[in-house]
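The following exercises concern pairs of oppositely charged side chains. Each task is followed by a solution in steps.

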Amino acid sequence: MLSQSIDSAKSKMEQTISFVSSEIGKIRTGRANPDIFNKILVSYYDNDTPLNQVANIAALDAITISIQPFDKTIIDDIERAILEADLGFNPSNNGNSIMITFPPLSVERRQELVKVASKIIEDGRISIRNIRREIIQSAKRIEDEQNISEDEMKKFMDDIQEVTDSFINRLNTLQKDKEVEILDS
């Protein structure tokens with residue numbers, strides 16, 4: 001019963017890591033990153049549709065993104081959506097595709113982005129700790145109902161702490177990698 005609780009915790013913690021990784025990937029660095037455009041919505045047949053569902057988004061080199069719409073008639077809508085997203089880009093439309101060049105980041109902007117990344121990572125750590133707390137509370141209820149021995153409970157507590165520490169370490173690694181990416185690009 002307690003091992004199922006640990007498996008459940010691992011699953012929830014893995015989802016947290018995936019979410020945090022996704023959010024961290026959206027933070028702009030000095031390099032061209034197509035993931036930044038995933039949250040942009042384009043008006044397509046009167047529906048707000050994610051940009052990556054109406055166009056092919058590709059990094060041509062370290063500082064250039066190409067956006068090629070599947071339907072050329074919405075190229076102006078895509079350009080408008082990018083401008084309205086206020087990401088600091090000036091898209092250029094050649095009639096068939098949109099080209100975006102990533103301007104270099106100032107030192108101040110890099111520091112702000114490091115803070116944003118740190119906040120996202122800290123939220124992930126809090127989420128991981130909350131999952132651990134919920135699992136421990138659940139295990140204590142099980143302990144009271146099913147007369148689980150103190151030794152089993154001690155082993156469970158050690159195991160759940162070990163799992164928590166491993167996920168926190170993964171978040172710490174994500175944070176260090178993103179900081180290097182932001183500051184060195």
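**Exercise 1.** In this predicted model, determine in which helix Lys155 and Asp159 lie, and state how exposed each residue is.

*Solution.* Step 1: helix H4, spanning residues 150-184, contains both Lys155 and Asp159. Their separation is four residues, about one turn of the helix.
Step 2: the two side chains form a salt bridge with an N to O distance of 3.0 Å, within the 4 Å cut-off.
Step 3: Lys155 has a relative accessible area of 49% and is therefore partly exposed, since the exposed class requires over 50%. Asp159, at 24%, is likewise partly exposed.

**Exercise 2.** Classify Glu122 and Arg125 as buried, partly exposed or exposed, and identify the network to which they belong.

*Solution.* Step 1: a network of salt bridges with shared partners joins Glu122, Arg125 and Arg129.
Step 2: within it, the side chains of Glu122 and Arg125 meet at 2.8 Å, N to O. Both residues lie in helix H3 (residues 107-146), three residues apart.
Step 3: Arg125 has a relative accessible area of 11%, so it is buried, the limit being under 20%. Glu122, at 30%, is partly exposed.

**Exercise 3.** Locate the salt bridge between Arg80 and Asp77 and give the accessibility of each partner.

*Solution.* Step 1: both residues belong to helix H2 (residues 75-84), where three residues, about one turn, separate them.
Step 2: the closest N and O atoms of the pair are 2.8 Å apart.
Step 3: Arg80 is partly exposed at 43% relative accessible area, and Asp77 is partly exposed at 23%.

Note on methods
Residues are numbered from 1 along each chain as its sequence is written. This is a predicted model: local features need pLDDT of at least 70, side-chain atom pairs count only at pLDDT 80 or more; totals for chains, interfaces and linings use all residues. Side-chain values use heavy atoms; hydrogens and water are left out. Helices (H or I, at least four residues) and strands (E, at least two) are DSSP runs, numbered from the N terminus. Buried means under 20% relative accessible area, exposed over 50%, partly exposed in between (1.4 Å probe, protein chains only).
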